[in-house]
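User: Please take a close look at the aromatic side chains in the structure below. Then follow the charged contacts, the surface and the cysteines, and give the cut-off behind each term.

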Amino acid sequence: MAYSVDFNLRPIMELELESLRGDDTAQDSMKGTGLESGSRETLEMEVLTTEGRDRLASQMSDVRERADERSEESIQTNLLVRKRWSTTTLRVLSSMPSRSIGQQSRLEIISQCNIRSTQLRRYHRQTQDVSLSSRPSIRGYGIEADSEDVCEEETKRQELVNNLQSLSAGDRVRLLRATPLSLAEKTKLRKLVFSDKVGQSLLSSQVPCCSLLKRALCHIWFGCLFILSSLQLWQVALKRLGGRFGTGVLSYFLFIRTLLLFNVFLFLINGLFLVLPQAIYPPLHTPSSHRVTGLELFTGTGYLSNSLMFYGYYTNSTINTSCRPDEATAGTGCGTTSDPHMMAYNIPLAYCFTIGITFFITGIVLVYSMSKSFGRSFRVFKSQGNMAIKVFCSWDFKVSKKMSVRMQSENITTQLKELLSEVKGGEEEKGRLSGMAVHLLAWSISLGSTFFCALGIHCFAKYMHLRRLEDAEGEVSVLHEARLLALPGVVSCGNLLLPGLFNLVSWMENFNSPIVRLYVSIFRNLLLKVSILGVLCYHWLGKIAAEPEQHGLQCWESFVGQELYRFLLVDFIFTALYTVFGEFIWKRFSQGVLRRRRKPVFDIARNVLELIYGQTLTWLGLLFTPLLPAVQILKLLLLFHMKKSSLLVNCQASRKPWRASQMSTLFISLLCFPSFLGAIVSVTYTILTIKPSSGCGPFRNLPFMFHSGKQWAQELKSTNHKLAWLNWVHHCLVENPLFLFLLAGVFLMVIYIHTQVLDGQRKTISLLQKQIENEGKDKKFLITSLQAIHEKRQYPLSPSSRPQGSEV
Amino acid sequence: MGTTASQLGKDLLSEYQELTFLTKQEILLAHKRYSELLSKEDRNLTSVPMEKVLSLPELKSNPFRKRICHVFSTSDMKDGSLTFEDFLDLLSAFSDSATLEIKSHYAFRIFDFDDDGTLDGGDLEKLVNCLTGKTEDTRLTPEEMRQLISNILEESDIDKDGTVNLSEFQHVISRSPDFVRDG
């Protein structure tokens, strides 16, 4: 629902070759109403005499009255449009400030600009989104005659120019840009402003030397902006998709881009602080013989298991940078420790801190974007009806293809009809009971299938572990390695098939509104993914990590990392296969066999949940596989292009209405709450409670992973007394529950204060609305009295000379 | 000052960049598209007639295309023809970086079919007809139309004069989060 036309200014490949149909809805737009205001008098009005004018005016108001009667019969209060007004009254009506804002009255716009520039000058603040309100106290000009008008305009313009000159250059540019004048006018104003100040313009040719510097900086700045804007990823592709499919589908691709940025950040931080140091100073490992088959790339075993990818590679020592790489050993490190130029890099500490800081920053960014999203989509008066909003704001001007335009019209019609029927209200009684039964059935089917799926995965995982133990005793073969991919395959199958079942089930249900249907579908899918991930986490952290020897593992962290790597990869493969074959085949099926004329629709909710699932896996695996974000980045890049091509070939825009901003809020909050929170909880649980394996990894000799941080704190206390207070701070704040209680109390108070402020604002708004309504009544009263007086003077003996009292 | 020269002067370009919400690249592309609209015979014209503008693929299917041309046109003959600067105004108002104020101002003028400065019942009816399309099965019945218009006026007409003026319109718009969105 974006209010912007996408002028894709490259030659467009597909041109619609149909003739323009005459659009008669806008043809009467240029029929002037004959209401004079300054320069907009029609020719006819000039010729007629006063009585003639009255006649014409009454004719026109007759016409309008008939139109009004057709469309506004029920409205009683429409005094100001229906009566036969005299010319004077009409002139006064048309020049009322509230009505003349919208017209192309330059005077009004310039005076508004004036006011704003004065404000700017006084407060040196940026221009806010000040609405052009009609405050009668400020604008007392009556627009009566042409000559006065021109004079008025000139003085106003001069005043504006003076105001503009006293502003800073940045403010001036911003103000001029945001004024709704035509470009020709703005150019004139700008010339006037700049003509008095020679050489002030940054881009003029005669420049003293310091302006040269400014000019160079300006050029550099614009150049940078240009580069930045051209670097914005996938800009052209996104515009094209938005134009064809609308903002709903676009939000899915924007979500991919957001996730990509998150993963790039994760990758950079991890790579810089963790992977790079370890890569430069690799630890000594006994070289193990592995046959290099291509399968290692998929299973993560073989030569990959002793590589930078997984946890097991990292040493538990401090790297001293003066060492030569082949001298670095596990233990105390080489060289003399008293060398002051040597830099010691403690790998376990770096591991702990890097992961911790990454999660912390990601958490902050997520919460911030979620709150911003909420702020955008939540409005104070949400409970009121939104028909006006729907009519004024729902046209998506970005859409340019004829089919999509037609689809949008159908969409809007459906929504309007639904809203109207909602307002009419009333449900049938008899349908209720059977509807409830259907709902119950649907819910039981979905919950049951989710439960059985989770149970199945649990049992299958146990079975696979047993098989793996058996295989480990025998010799390693390709089949055994391939069996490692079985569990991920089964899980991905479940992830793909069950949402289809949910769709089927919800198709037979009857919902009050499509938005409820969407929420229910999202909830069911979410439940499925959460239960699957829960079962898997229980397996990995609860069973395997607790008793690694029972499962035959020396290095359970590497194993879990490999599992997550496999899951991510297999998920991607299945998605790719489904996109290429599934959607294509479904399209053929639905068009060939089911004989539907329309192509299938892109299921946004389901695809977004799959993205969130993938991102959860990445976050879970970050502790065990520091390079997992790189895999996710590649996956997202490929996914974007695949989904885009599939969309363009197989699908079409959805008929269902899609509230873009509310859905984006929902997706970001889903990313934050179940997904990120779950990952954080698992990682924290791992760090705090699970014993690291003793054979590999940076934490191999410690009882718990976070002990590395504790040890470092102890060392710090003994070696460097200046930083000992850090330890004290840590002891007081993090380990003391009282502090957390206080913090929670403060947050609750802040929330309470905000709700009270919101409440107060609501009350103020309703009071102001009442006040405006009363002033409207005053206005009506004055106009009718004016008319009555005029009539009395013109027709003193006519029965209609009775003054019309004001009506409610 | 509309230019039909094949090259846009550097000063002019930077001036346009300062006064509109468009980037340099967008202005150059706009100039190219605009020059394509002018056919060979009328090289000397400074404004493009409305029919040519309406043939742009981005505007062709838009139900508001004629109103858009009329609103942005500064020609004295009120025929909806656009000079290059009007064209830039159009693109600037519709660009992603335009402020809410600009967009709502122009949206109001586009929806004001009879150009009287307010949206009364007739304007609203024409607006809804534009939104719902031409075909018979998508149009609203007269009764539904009446109810819709009365609901709209009830929600947005604060001073109860039977019309929606610019302030009330902007108030309604500011409540909708979907009105100004990027991407």
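Analyst: One aromatic cluster is made up of F392(A), W395(A), F64(B), F108(B), F111(B) and F169(B). The model is predicted, with local features requiring pLDDT of at least 70 and side-chain atom pairs pLDDT 80 or more, while totals for chains, interfaces and linings use all residues. Residues are numbered from 1 along each chain as its sequence is written, chains are lettered from A and ligands numbered from 1 in the order in which they are written, and side-chain values use heavy atoms, without hydrogens or water.

Over all chains, the search finds 21 aromatic pairs (rings of Phe, Tyr and Trp, the last by its six-membered ring, with centres within 6.5 Å; stacked under 30 degrees between planes, edge-to-face over 60, tilted for the rest). In the pair F108(B) and F169(B), the ring centres are 5.4 Å apart and the planes stand at 55 degrees, so this pair is tilted. F108(B) belongs to helix α7 (residues 100-111) of chain B and F169(B) to helix α10 (residues 166-174) of chain B, so parts 61 residues apart in sequence are tied together. Helices here are DSSP runs of H or I with at least four residues, numbered from the N terminus. F108(B) and F169(B) are buried (under 20% relative accessible area with a 1.4 Å probe, protein chains only; exposed is over 50%, partly exposed in between).

F169(B) also pairs with F111(B), edge-to-face, at 6.0 Å centre to centre and 80 degrees between the planes. This pair again links helix α7 of chain B, through F111(B), with helix α10 of chain B, through F169(B), 58 residues apart. F111(B) and F169(B) are both buried.

Rings also meet charges. The charged end of R67(B) sits over the ring of F113(B), 5.9 Å from its centre (the criterion is NZ of Lys or CZ of Arg within 6 Å of the ring centre and within 35 degrees of the ring normal). K529(A) has its charged end over the ring of Y613(A), 6.0 Å from the centre.

As for charge pairs, there are eleven salt bridges over all chains (a side-chain nitrogen of Lys or Arg within 4 Å of a carboxyl oxygen of Asp or Glu). One of them joins R190(A) and E18(B), whose closest N and O atoms are 3.0 Å apart. R190(A) is in helix α9 (residues 183-195) of chain A and E18(B) in helix α1 (residues 10-19) of chain B, so the bridge joins two chains. Both R190(A) and E18(B) are buried, and a salt-bridge network links R190(A), E15(B) and E18(B).

K779(A) and D159(B) form another salt bridge, at 3.6 Å from N to O. This pair crosses between chains, from helix α27 (residues 737-794) of chain A, which holds K779(A), to the loop between α9 (142-156) and α10 of chain B, which holds D159(B). K779(A) is buried at 17% relative accessible area, as is D159(B) at 8%.

Within chain A, the side chains of K635(A) and D571(A) meet in a salt bridge of 3.4 Å, N to O. K635(A) lies in helix α23 (residues 628-650) and D571(A) in helix α21, so parts 64 residues apart in sequence are tied together. K635(A) and D571(A) are buried.

The structure has zero disulfides over all chains (cysteine sulfur atoms within 2.5 Å). For C453(A), the closest cysteine sulfur, in C493(A), is 10.0 Å away, too far for a bond. C453(A) counts as buried at 16% relative accessibility, and C672(A) is buried at 6%.
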